[in-house]
Structures are given as C-alpha cells and as structure tokens.
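Open the model in your viewer and keep the selection tool at hand. The tour goes stop by stop, and each stop tells you what to select and what is there.

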Amino acid sequence: MLPKKIDAGVLGTGFYVPDRVLTNSDLEKMVDTSDAWIVERTGIHERRLAPDETPVSELAFQAAKRALADAGTSPEELDLIIVATLTADCVCPSAASILQDRLGAKHAAAFDLSAACSGFVYASSVAAQFIATGVYRRILVIGAETLSKYVDWEDRNTCVLFGDGAGAAVYGPVEEGYGIRAFDLGSDGSGADLLGIPASGSRHMITEEIIRQRLNRIHMAGQEVFRFAVRAMPATLLRSLERAGLSPADIDWFIPHQANIRIIQAAAKRLAIPPEKFIINIGKYGNVSAASIPMALAEAAGEGRFHKGDIVALAGFGAGLTWASCIMKWAKED
Ligand code: UT7
C-alpha cells in the first residue's frame with residue numbers, strides 16, 4: 001500500500017549566470033541586426049555566455065549550492081537530483097550524475113530530464129510524485145543550459161535569442177494544503193522538426209558535411225513556434241488552474257517561460273492577468289530554455305517577492321513540442 005499523499009513544495013531556490021554579458025550592440029557587430037529590432041521583436045537587451053571550457057554541470061553546481069544553502073539542506077540529505085537540460089556535458093553520462101559527484105550528494109539518485117524549455121516544470125512534477133508517496137524527502141531540481149555552444153552565430157534568426165544560466169529548487173514535504181497543487185504536462189511530437197539541434201544524437205553522426213550544413217546548431221521555425229506558444233501557454237495554465245480549483249484571478253505571481261516578451265504579453269491578454277503579477281527577466285538573460293523558469297523563480301524569491309500562501313503559477317513550452325504548467329501555494333516562511 002502506498003503511504004498517505006504528502007504535499008511537496010519549494011524549500012529553497014538559487015540561480016547562477018556566467019559573468020560574460022553579450023549585449024545587442026555586440027550582436028550588431030556579428031550579424032545583420034539592430035538593438036531596436038531585437039528589443040521590439042523579443043524584449044531582450046542582453047544575455048549571459050558561459051566560457052568555452054565550462055560545461056552545463058558547472059552552472060548547475062553554482063545554482064545548486066545556492067539553493068541548498070537557502071533550503072538549509074546539506075548535499076548528503078539529498079535523495080534525488082534531476083537536471084532538466086538540452087545541453088548536458090555529453091550524451092552520456094548525465095549532467096545530474098556529474099553534479100551529484102561534484103556536490104558530494106552521496107545518497108542521491110541522479111538523472112537528466114529532456115523536455116527542452118518545459119523541462120523544469122516537468123522535473124518539478126516528477127519530484128512531487130516521489131515526495132507525495134513518501135519515497136523521497138529531499139529532491140534537487142535544476143534547469144541548466146549552455147545554449148551558446150549550440151547557437152549558430154551566423155544566423156540572426158536565432159543567435160539573438162538564447163543565453164546561458166542555471167536555476168535550482170530544493171523540494172521537500174510541506175504543510176498540508178501548500179506546495180504543488182496541480183500540474184499539466186503535454187507533448188506534440190508532430191512538431192519535432194520546428195525547433196531543435198538536428199545533428200546532436202543518434203540520427204546523424206557528426207561529419208564534416210553535417211558541420212558544413214550547420215546541422216549541429218539550433219534550428220527554429222520561429223513563426224510556427226510563436227503561433228504554437230501563444231496558444232499552448234495559456235491553455236496549459238488554464239488546465240492546471242482548473243485541476244487546482246482556481247481561476248486566473250487567484251494567481252499572485254505568474255512565471256512564464258521567457259522566450260519572447262510578445263508571447264508573454266499575448267498570454268497576459270488572453271488570461272486577463274495584470275502585468276504586475278508577471279515575473280519577467282528576459283531583458284537581462286534572453287531565452288535560457290529549461291533554466292528560464294527556475295532562474296526567474298529563484299531571482300524573485302531572492303528579492304522577497306513571494307509570501308507564504310501566495311499562488312505562484314509556472315508555465316512553459318518548447319521543443320518537442322512540449323508544454324507544462326504547475327500551480328504552487330508558496331510554502332516557505334518569509
Ligand atoms: O524557447 C523555445 C521557444 N522559442 C520561441 O518561443 C521563439 C518563437 N518565435 C519568436 O520569438 C519569433 O518568431 C522570432 C523572435 C524568432 C522572430 O520574430 P518574428 O516577428 O516572427 O520575425 P520573422 O521571423 O517574421 O522575421 C521578420 C523579419 C524578416 O525579414 P523580412 O523577410 O521581412 O525582410 C527576418 O529576416 O525580420 C528579419 N529578422 C531580423 N532582422 C533583424 C529576423 N531576425 C532578425 C534579427 N535582426 N535578429
């Protein structure tokens with residue numbers, strides 16, 4: 001028999017971005033673009049770039065240390081580490097296993113989760129299941145990316161969008177009625193070709209021809225993904241809200257995936273959520289895929305914006321295609 005359901009919530013958060021800033025005016029010197037175009041069409045002013053020699057597990061490590069300190073949790077207490085990423089250190093082993101060793105999390109299981117920009121919300125829902133059943137009590141969930149290593153720096157359609165960084169949350173049992181109240185996950189693989197890195201796995205081995213065609217770089221059908229995103233993000237959020245017995249008006253804070261300010265504004269209009277309830281940091285960091293939502297969550301939590309009992313909603317979408325949302329009742333004391 002499974003034990004009684006235990007509510008799972010955030011015990012601590014942390015985020016990390018590399019020091020190097022790439023501004024829109026830097027990009028003007030690299031491709032045919034302008035600061036005005038990038039700001040108007042995306043809302044992005046600058047993004048962070050990891051050094052060439054820095055793997056994603058290092059960004060994850062820095063964010064993890066901060067989240068563990070915030071949660072008052074030692075690495076030895078961790079039962080599980082999940083890293084949501086599409087830019088792991090290598091195809092095998094997982095970034096989570098490398099991170100587990102780096103942290104000295106001797107008792108933790110570890111795996112990566114691949115759901116692109118929806119990855120952190122997917123991973124949070126996985127963590128909630130282990131906690132709900134009483135199987136695990138301390139789970140570190142991280143979204144971390146080094147997208148700059150996969151960007152085609154000659155393609156102005158994509159190179160202006162992405163950045164590097166990591167955001168982390170420690171999940172554990174919380175007071176009854178708090179923590180994750182509901183979530184919604186989904187996928188439509190018929191859109192797999194719209195966004196991805198075509199030659200990064202077992203379909204195409206890397207050859208000189210693949211490199212010449214730049215198939216080992218990010219490819220995106222921007223307008224199609226845009227159209228998908230403006231439908232998918234509000235739809236998934238409404239499903240999560242319904243499962244939680246709530247409506248958009250009950251949301252205190254909404255953290256959308258930070259892909260494009262126009263997608264966020266379209267969601268705001270469709271859901272009638274006032275702009276002051278949105279947590280937005282796309283201007284500083286660009287689109288950091290799986291790291292976008294946890295970075296925004298950790299930054300806002302660090303600024304003391306959330307209070308116990310606040311309804312915090314997360315919603316993301318991305319390659320796959322995938323989408324995910326969850327509704328939390330903030331459990332952490334101020
Ligand atoms: O997190 C993963 C999910 N990804 C997303 O959500 C991305 C979704 N898509 C988007 O955010 C937008 O489609 C983009 C920001 C990628 C592009 O914006 P857009 O308004 O859809 O532009 P567009 O692709 O329709 O291009 C309009 C024009 C084109 O020129 P012409 O053909 O009208 O002469 C592009 O070549 O803008 C041009 N363009 C640029 N111009 C200056 C495209 N990129 C740039 C650029 N600088 N960086």
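## Charges over rings

Select Lys329 and Tyr178: Lys329 lies over the face of Tyr178, at 4.9 Å from the ring centre. This is a predicted model, so read each distance on the tour as a value computed from predicted positions. A second case of this kind is Arg102, placed over the face of Phe61 at 3.9 Å from the ring centre.

## Helix H3

Phe61 leads to the next stop, since Phe61 is one of the buried residues of H3. Select residues 56–71 to show the whole helix. How far apart are the end C-alpha atoms of H3? They are 22 Å apart, and this agrees with the expected span, because 16 residues at 1.5 Å a residue should also span 22 Å.

Now colour the buried residues of H3, among them Val56, Leu59, Phe61, Ala64, Leu68 and Ala71. What do the buried residues of H3 pack against? Show strand S1 (8–16), helix H4 (95–103), strand S6 (139–146) and strand S7 (164–173), and you have the packing partners. Just after H3, click on Gly72, where phi is positive, at about 65°.

Step back to Thr54, in the loop between strand S3 (46–49) and H3. Thr54 has a relative accessible area of 13%, and being under 20% it counts as buried. Leaving out residues up to four places away in sequence, Thr54 touches Leu59, Thr146 and Lys149.

## Aromatic rings

The model has seven aromatic pairs. Select one of them, Phe15 and Tyr285: the centres are 6.2 Å apart and the planes are at 65°, so the pair is edge-to-face, as the angle is over 60 degrees. Which parts of the chain does this pair tie together? Phe15 is in strand S1 and Tyr285 is in helix H10 (residues 282–285), so the pair links parts that are 270 residues apart in sequence. Phe15 counts as buried at 19% relative accessibility, and Tyr285 counts as buried at 6%.

Next select Phe228, Phe317 and Trp323, which form one aromatic cluster.

## Ser118 and its surroundings

Two members of that cluster, Phe317 and Trp323, are also in contact with Ser118. Is Ser118 buried or exposed? Ser118 is buried, with a relative accessible area of 0%. Find Ser118 in the loop between strand S5 (109–113) and helix H5 (119–132). Apart from neighbours within four places in sequence, the contacts of Ser118 include Gly316, Gly318 and Ala324. Thr322 is a contact too, and the side chains of Ser118 and Thr322 make a polar contact of 2.8 Å.

Ala116 lies in the loop between S5 and H5 as well. The phi angle of Ala116 is near 50°, a positive value in a residue other than glycine. Ala116 counts as buried, at 8% relative accessibility.

## Cis peptide bonds and another positive phi

Go to the peptide bond from Gly320 to Leu321, which is cis with omega near -5°. Leu321 sits in the loop between strand S12 (311–318) and strand S13 (322–329). Another cis peptide bond joins Cys92 and Pro93, with omega about 5°. Look for Pro93 in the loop between strand S4 (80–84) and H4.

Then select Ser289, in the loop between H10 and helix H11 (292–302). Here too phi is positive in a residue other than glycine, near 45°. Ser289 is buried, with a relative accessible area of 3%.

## The ligand

Show the ligand and the 23 residues around it. Which residues come nearest? They are Thr33, Arg41, Gln223, Asn260 and Asn287. A polar side-chain atom of Gln223 is 2.4 Å from an oxygen atom of the ligand. For His257, an N or O atom in the side chain is 2.8 Å from an oxygen atom of the ligand. At Gly222, a backbone N or O atom lies 3.0 Å from a nitrogen atom of the ligand.

## Last stop: Lys5

Finish at Lys5, in the segment before S1. At 54% relative accessibility, Lys5 counts as exposed. The side chain of Lys5 makes a polar contact of 3.3 Å with the side chain of Asp7. Add Ile131 to the selection: Lys5 and Ile131 are 126 residues apart in sequence, and their C-alpha atoms are 8.2 Å apart in space.

Key:
Residues numbered from 1 in each chain as written. Predicted model: local features only at pLDDT ≥ 70, side-chain atom pairs only at ≥ 80, totals over all residues. Heavy atoms only, no water. Helix = DSSP H or I, 4+ residues; strand = E, 2+ residues; numbered from the N terminus. Expected span 1.5 Å × (residues − 1). Buried < 20%, exposed > 50% of the residue type's maximum accessible area, 1.4 Å probe, protein only. Contact = heavy atoms within 4.5 Å. Phe/Tyr/Trp six-rings, centres within 6.5 Å; stacked < 30°, edge-to-face > 60°. Lys NZ or Arg CZ within 6 Å of the ring centre and 35° of its normal. Near = heavy atom within 4 Å. Polar contact = N/O pair within 3.5 Å; in protein donor to acceptor, adjacent residues only side chain to side chain.
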